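Q: Hello! I am new to this structure and would like a close look at a single part of it. Could you walk me through that part step by step?

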Amino acid sequence: MTVNLLDYDLEAMTAFCEGLGEKRFRAVQLFRWIHQRGARRFDDMTDLAKSLRSKLADVAVVQPLQVLSEHRSTDGTVKWLFDVGQGNAVETVFIPETDRGTLCVSSQAGCAVGCRFCSTGHQGFSRNLSTGEIIAQLWFAEHSLRASGQLLPGQRAIDNVVMMGMGEPLQNYSALLPALRTMLDDHAYGLSRRRVTVSTSGVVPMIERLQQDCPVALAVSLHAPDDHLRDSLVPLNKKYPIRELLAACRNYLTAAPRDFITLEYCMLDGVNDSVEQAQALVQLVQTSPHNRALQGLPCKVNLIPFNPFPASGLHRSPPDQVKRFAQVLQDAGIVTTVRKTRGDDIDAACGQLAGEVQDRTQARERLALRRIDVPVVSATAAAHQRGPSP
Ligand code: SF4
């Protein structure tokens, strides 16, 4: 049986090489060929002995994900849909900005958390991605963007990774951890801890694990200032209520590479966007050096425009309401950003493209069971036929 070397962080690669009777520096060489130079074929790894190359070809592969579709926006945003088998697909988005290139990476096919405003959550959970499938998204994006010829020699395309794609990364911790370590490794992508962000809906025990194992930047999907509302928007809140979540965040800050936690807040018209709710959010996170009883949280708040999808029954907050909400936070001294929508001409709510693949596959399977011939429509063709999102 062959192994996929994208599944290995440097420690695992070293163990693998030692199993072949090779020294650690061979693992470093392999790691650099794969992640820094984007090599897939062992024959291209010219500074490895021929005997080692042929040994590797017998027992290992560098197995990327198959691209189902690629959409390029006029603003430079690129969205890829990757096949992860059995009718499942995951999305990865590259967002270029003047000072950095950000990649939004998926950790699961579907998601079990089931947030009310999330298209991925509505699809339900299919499976965890492997480490190789998580890192393959970065591997592919980095090397295909470099190959596009738009970068200067030696310049890297991606210097910021956010685990904010499909899935709850902290519910796939054993695969996530080696992927994070590979992102940070100087022999691979060499990203700064401050430039790798794990976004969670609030899996409290795993926030504590991440703090011990690999403290990168942390973002928390809050979306509500009180437990009653958050219970209905983020069902995980019933298990880990806001008080416990904020305590875990405060504790995380003792090891975090930044001195604040990012709070994500999806603005939902008439649900969580009133001035009173903004004031309640201020109360929740406000800290005071003079009053230790005031247990707030040093944070930045990121207000996110909702991407509507029919099954949600929810609507995007009007811009004026977002402004009023943001003003309350800013007046209280909380750094607040309103996320720009990017790639509007190619976009659908996160998870919608993948949902289409799943729906189509399930429809084919249902029809196949009835022994009816179905024309196979490629995901690429179907996705390109969809018009711009609202
Ligand atoms: S918002 Fe995140 S955690 Fe919630 S359902 Fe969507 S993918 Fe899962």
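In which sense do strand 13 and strand 14 pair, and over how many bridges?

A: Happy to help! Please keep in mind that this is a predicted model.

Strand 13 covers residues 299-305 and strand 14 covers residues 335-338; the two pair in the parallel sense, over four bridges. To find this pairing in the structure, look for asparagine 302, whose bridge partner is threonine 337 in strand 14. On the way from strand 13 to strand 14, the chain passes through helix 11, which spans residues 319-331. This β-α-β crossover is right-handed.

Now let us place the pair in its sheet. As background, the strands of a sheet pair through backbone hydrogen bonds, and they do so either parallel or antiparallel. Here, 10 strands make up an open sheet, and their order is 3-4-5-6-9-10-11-12-13-14. The pairing in this sheet is mixed. Strand 14 is one of the edge strands, and strand 3 (66-72) is the other; each of them pairs on one side only. From one strand to the next, the twist averages 20°.

For an antiparallel example in the sheet, follow the order to strand 4 and strand 5. Strand 4 (residues 78-83) and strand 5 (residues 89-96) run antiparallel and are joined by six bridges. There, aspartate 83 has alanine 89 of strand 5 as its bridge partner.

Strand 5 also leads us to a pocket. Phe94 and Pro96 are among the lining residues that lie nearest the centre of the second largest pocket, together with Gly101, Leu151 and Ala157. In total, 18 residues line this pocket, and its space comes to about 250 Å³. The lining is made up of six nonpolar, six polar and six charged residues.

Technical notes: Residues are numbered from 1 along each chain as its sequence is written. This is a predicted model: local features need pLDDT of at least 70, side-chain atom pairs count only at pLDDT 80 or more; totals for chains, interfaces and linings use all residues. Side-chain values use heavy atoms; hydrogens and water are left out. On a 1 Å grid over the protein atoms alone, a cavity is a set of points where a 1.4 Å probe fits but cannot get out, and a pocket is an open set with protein on both sides within 12 Å along at least five of seven lines; lining residues have an atom within 4 Å of a point. Grid points are joined across faces, edges and corners, and a volume is the space filled by probe spheres set on the points. Ala, Val, Leu, Ile, Met, Phe, Trp, Tyr, Cys and Pro count as nonpolar, Asp, Glu, Lys and Arg as charged, and the others, Gly among them, as polar. Two strands pair if DSSP finds at least two bridges between them. A crossover is right-handed if, with the strands pointing away from the viewer, the path from the first strand over the helix to the second runs clockwise. Axes are lines fitted to C-alpha atoms, for helices over the stretch in contact, and angles run from 0 to 180 degrees between N-to-C directions.
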